[in-house]
Amino acid sequence: MVGLVVAAATILVATPASAAPSTPDFGSAIDAYAANDSQDTCDPTVKPGTRGLRDLLNEAYGSHTSYFTRACDAGGTSEHKEGRALDYMLNYNNLGERAVADDILTWLLKTDRYGNKHANARRLGIMYLIWNDRIWSSSQAADGWREYNGSNPHMDHIHFSLSWAGARQQTSWWQWEEPGRTTHSVTGDSFSDLVASKSDGTMWLYSNNFLRDDGAPYGSGSQIGHGWNAFDRMIPADATGDGFTDLVALKPDGTMWLYANNFVRDDGVPYGSGRQIGHGWNAFDRIVAADATGDGFTDLVALKPDGTMWLYANNFVRDDGMPYGSGRQIGHGWNAFDRIVAADATGDGFTDLVALKPDGTMWLYANNFVRDDGMPYGSGRQIGHGWNAFDRIVAADATGDGFTDLVALKPDGTMWLYANNFVRDDGVPYGSSRQIGHGWNTFDRIIA
C-alpha cells in the first residue's frame with residue numbers, strides 16, 4: 001500500500017454476501033474483452049469510471065476503505081498512477097469480508113443470460129483483478145484465475161485495473177440507457193478505427209483514440225496483412241457479435257468470406273485467417289453492414305442493380321456461425337443513389353442509412369426496426385448538399401461519443417471529419433467539417 005493516496009471514508013461491513021450490485025437488463029450485444037494496456041503515462045487523478053466502480057460496490061456492500069491513486073515517483077508500473085485502478089479493502093482472513101469479496105468476483109465474472117462470459121467485467125472495462133495471491137486478466141480470460149507472483153499477495157484488498165474505456169465510462173455499463181451506443185471497433189476500445197488497403201494488397205490499421213490523439217485521429221498506421229487484392233469488396237461488420245469489427249470479404253466469383261477479429265487473441269494483428277460463409281453475392285452491386293434489426297449483431301443490407309434492397313439479418317449464435325444465409329426484400333428505388341453509407345446518425349441504437357445522389361445531395365433514411373414493423377428505410381429526408389466534392393465517405397464514431405460521424409476524403413487525399421451529435425445538431429447532422437489528415441490517396445480502399 002506504500003505510496004497510495006486518496007482514501008475513501010471507511011468502514012462498515014455487516015452486509016450480506018448476496019447483495020450483488022443491481023445489474024441492468026442488458027441485451028445480447030456486449031463489449032469486447034479489455035486489451036492489456038499497462039500504465040505508460042502519469043496522471044494520478046481519479047477517473048470517473050474508477051470512482052463509479054467504487055460507488056457501485058459501496059452501494060451494494062456498504063462503505064469500505066478504498067484507494068485510487070499512486071504518486072508518479074513511486075516505484076513500479078501501476079494503473080494507480082493513471083487513476084484507473086482501485087484497491088477495495090477486504091480481509092481474506094475475515095469470513096464475512098471474504099464472502100463479500102467472493103460475491104463481488106462471482107458477480108463480475110458470471111455468464112449472462114445470452115451466454116456472454118465474464119459479462120459484468122467486460123461491461124465495466126475490467127482489465128485485470130488480483131485477490132488472494134491470484135490474478136484474472138481479461139486478455140487471458142480463457143485461462144481463468146492464475147497464480148499471482150507479485151510481492152503483495154492481495155489478501156487485504158481486491159485490486160481492479162480498468163481499461164481506458166472503462167476508466168472514462170465509455171463502456172456499455174455506463175451507457176446502457178442509450179442502446180447501441182457501444183461502438184464496435186477493430187481494437188475494441190470504443191473508438192472507430194480505419195482499415196485501409198493498398199493496390200498491392202497490403203492492409204493497414206489506423207487505430208483511433210480521439211482523446212489521446214488530441215482530436216486528430218488516424219495519424220499513423222501499421223501494416224497488418226497482405227494478399228487482400230484477391231477480394232473486390234471488403235465490408236466491416238461485427239458479424240460474430242463480440243464487440244470487435246470483423247471483415248466480410250467478397251471475391252469476384254461471388255463467394256463470401258468471414259475474417260473474424262479478436263484484437264486481443266490475435267495479438268494486435270487481426271484478420272489473419274478466413275473461412276467461406278456464402279456464395280452468389282455477385283448478384284448485388286452494393287452491400288453495406290448495418291445492425292438494421294437493433295439486436296447487436298451486424299446485418300447486411302444489399303442492393304441489386306434494379307434498385308431493390310434486401311436485408312440479410314444476422315444472429316451469429318442462432319445461425320450456427322454461418323450468418324447471412326437468407327434475405328428478404330425491404331425496398332426498391334435505391335438506384336437513385338450512387339453511394340450509401342450505414343451510420344447510426346440519430347444515436348438511437350438502430351443503424352440508419354445516409355445516401356447520396358449524383359447531384360451531391362445527402363439524404364437520411366432513419367431506422368427504428370420496431371416502429372417500422374420490420375421494414376426499415378421506408379422514407380428519407382434531405383440533410384445536406386455538396387457531397388460530390390468527396391470521392392469516398394466512411395461512417396465512423398471517430399469522436400467516441402456514441403454518434404456516428406462521417407470521415408470524407410477528397411481526390412487530393414485530404415481527410416475531413418464531419419462530427420455528429422444528432423441532438424445538438426437539431427436533427428441535421430454533418431453540417432460542418434475540419435481537415436484531419438492528408439495523403440490518403442495512396443489507398444484504394446478505406447473502411448471503418
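**Close-up 1. The left-handed link of Cys-42 and Cys-72****.** In this predicted model, the link between Cys-42 and Cys-72 is left-handed, with -105° about the S-S bond. The two sulfur atoms sit 2.0 Å apart, and a disulfide is a pair of cysteine sulfur atoms within 2.5 Å. The structure holds one disulfide.

**Close-up 2. What the disulfide of Cys-42 and Cys-72 ties together****.** Look for Cys-42 in the loop between strand 1 (4-7) and helix 1 (48-61), and for Cys-72 in the loop between strand 2 (66-70) and strand 3 (85-89); the pair therefore ties together parts that are 30 residues apart in sequence. Helices (H or I, at least four residues) and strands (E, at least two) are DSSP runs, numbered from the N terminus. Cys-42 is partly exposed at 33% relative accessibility, and Cys-72 is partly exposed too, at 43%. (Buried means under 20% relative accessible area, exposed over 50%, and partly exposed in between, using a 1.4 Å probe and protein chains only.)

**Close-up 3. Helix 1 and its buried residues****.** Ten of the 14 residues of helix 1 are buried, so the rest of the structure largely encloses this helix. Among them are Leu-53, Arg-54, Leu-56, Leu-57 and Tyr-61. The end C-alpha atoms of helix 1 are 20 Å apart, which agrees with the expected 20 Å; that expected span is 1.5 Å times one less than the number of residues. Just after helix 1 comes Gly-62, with a positive phi near 85°.

**Notes.** Residues are numbered from 1 along each chain as its sequence is written, and side-chain values use heavy atoms, leaving out hydrogens and water. Local features need pLDDT of at least 70 and side-chain atom pairs count only at pLDDT 80 or more, while totals for chains, interfaces and linings use all residues.
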